[in-house]
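This report concerns the arrangement of helices and the contact between chains in one structure. Please consult the sequence and the model shown here while reading.

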2 protein chains.
Amino acid sequence: MRRELAVVLVSGGIDSCLTAAIANHTCNPAFLHLNYGQKTEQREKKAFRDIAEYYKVKKRLEVDMRHFSVIGGSSLTDEDIPVAEANLKNEDIPRSYVPFRNANILAIATSWAEVIRATKIYIGAVEEDSSGYPDCRESFFKSFNLVIKEGTKPETDIRIITPLIHMSKKQIVEKSYELNAPVHLTWSCYQNEKKACGICDSCALRLRGFQQAGIKDPIPYVKQPSYL
Amino acid sequence: MRRELAVVLVSGGIDSCLTAAIANHTCNPAFLHLNYGQKTEQREKKAFRDIAEYYKVKKRLEVDMRHFSVIGGSSLTDEDIPVAEANLKNEDIPRSYVPFRNANILAIATSWAEVIRATKIYIGAVEEDSSGYPDCRESFFKSFNLVIKEGTKPETDIRIITPLIHMSKKQIVEKSYELNAPVHLTWSCYQNEKKACGICDSCALRLRGFQQAGIKDPIPYVKQPSYL
């Protein structure tokens, strides 16, 4: 039986790597990577390509969304806003939040899915462990599914799948090793491209997940934060 | 009293020009123009700038969405798909449909609105007269409003306004003249940049609107289709 075609959003981080592993299990994956002017763009692109090679994915698309740097408002894309050191107890929405980023990403993924006739879009969003970004919540993805239904051709049937939505970073690390996902090829740091900084939000969440899972993170770090 | 800031999507066509006129009446407009690799990109950009000058709009943003040409699937962006001659009786979704285009556009508009703290997004979508594009229906915009509510910061309050949604092209032409909108500065043709072709979907709908309103279209045409 021919497998369903699924667009898989692969940023190159550990969450998207596990998502790719899960999608690859049941679907024929088409990998989509988005450059949105983030500071670690080149390193993330390399991670994307490495993971695609690992899973022998032929259908790939890399898209430049330069407009995020134009719009600004986030430390990830705006040179005038420094990347903050992590504060995992902070309840506020962090400076690294790119406004409405996931809606932009899902809109592109849906356009591509409609053209290549994919029926699913996999995205590795995590609600509980996601630094409080509003567009990482399950309710957001549910309402986006409605928008897809309303905004695509009647014969189109595309659904967003969020397999990690209720997982913790610890569970993500454990599941990644269980499924032999190529964790060593991933990149999560918001700040650096050679050795991960260990102190940005993304590094801190990742390192805490590895620590809680009792597994050593295989990628190189400049330093690991003292509070871990 | 200080007027509410509103993002107005201005493609440069007559619909967006009237939308700008309506928004300008009650809000402080911020004009947003999107280049998505359409064949008449340069001419539309000029129309956008001319209309912005006309309304003395200071806050403007022009965004390149090159990914639409990469994704393909539409005659407006894909060099391999010719722009079709209009067939206004055809019920099918036409070749000029860019898959899920309005969702991509609204996602960008929402990101910008969140950064500049605009509270409304005006878009000149027309449901009944829109060539059957699924993402021009009122139900689509209603569900997108839900996505905005779910996917932006709690303190953010942004709503999509579609003042033309139930208007016919005839009514749009009439209302444009009633509000002194600069119709002479607009461009609607999908095909040409100097003289409008008169035969693409967009030209045909526009010309029929002017004919029904009993007004002469002020922009130049190569030819007007015989069935009008």
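The text below treats chain A, then the side of chain B that touches chain A, then one helix of chain B.

The model is predicted; local features need pLDDT of at least 70, side-chain atom pairs count only at pLDDT 80 or more, and totals for chains, interfaces and linings use all residues. Residues are numbered from 1 along each chain as its sequence is written, while chains are lettered from A and ligands numbered from 1 in the order in which they are written.

Chain A contains 7 helices and 5 strands, where helices (H or I, at least four residues) and strands (E, at least two) are DSSP runs numbered from the N terminus. Their order along the sequence of chain A is β-α-β-α-β-α-α-β-α-β-α-α. Of the 228 residues in chain A, 53% are buried; a residue is buried if 20 or more other C-beta atoms, placed from the backbone, lie within 10 Å of its own.

Between the chains, 36 residues of chain B are in contact with 36 residues of chain A, contact meaning that C-beta atoms, placed from the backbone, lie within 7 Å. The elements of chain B that each supply at least two residues of the side touching chain A are tabulated here.

| Element of chain B | Residues |
|---|---|
| Strand 3 | 60-64 |
| Helix 3 | 67-71 |
| Helix 4 | 101-116 |
| Helix 5 | 138-151 |

Helix 4 of chain B provides the largest share of that side, 10 residues. By class, the side of chain B that touches chain A has 18 nonpolar, 11 polar and 7 charged residues; Ala, Val, Leu, Ile, Met, Phe, Trp, Tyr, Cys and Pro count as nonpolar, Asp, Glu, Lys and Arg as charged, and the others, Gly among them, as polar.

Within chain B, how is helix 1 placed with respect to the rest of the structure? Because 11 of its 13 residues are buried, helix 1 of chain B is largely enclosed by the rest of the structure. Its buried residues pack against several elements of chain B, including strand 1 (5-9), helix 2 (41-54) and helix 7 (201-213).

Helix 6 (residues 169-178) of chain B is another of these partners. The axes of helix 1 (residues 14-26) and helix 6 of chain B come within 10 Å and cross at roughly 45°, the axes being lines fitted to C-alpha atoms over the stretch in contact, with angles running from 0 to 180 degrees between N-to-C directions. The contact involves I14(B), D15(B), C17(B), L18(B) and A21(B) of helix 1 and I172(B), K175(B) and S176(B) of helix 6.

Methods
Two residues are in contact if their C-beta atoms, placed from the backbone, lie within 7 Å. A residue is buried if 20 or more other C-beta atoms lie within 10 Å of its own, exposed if 12 or fewer, and partly exposed in between; C-beta atoms are placed from the backbone.
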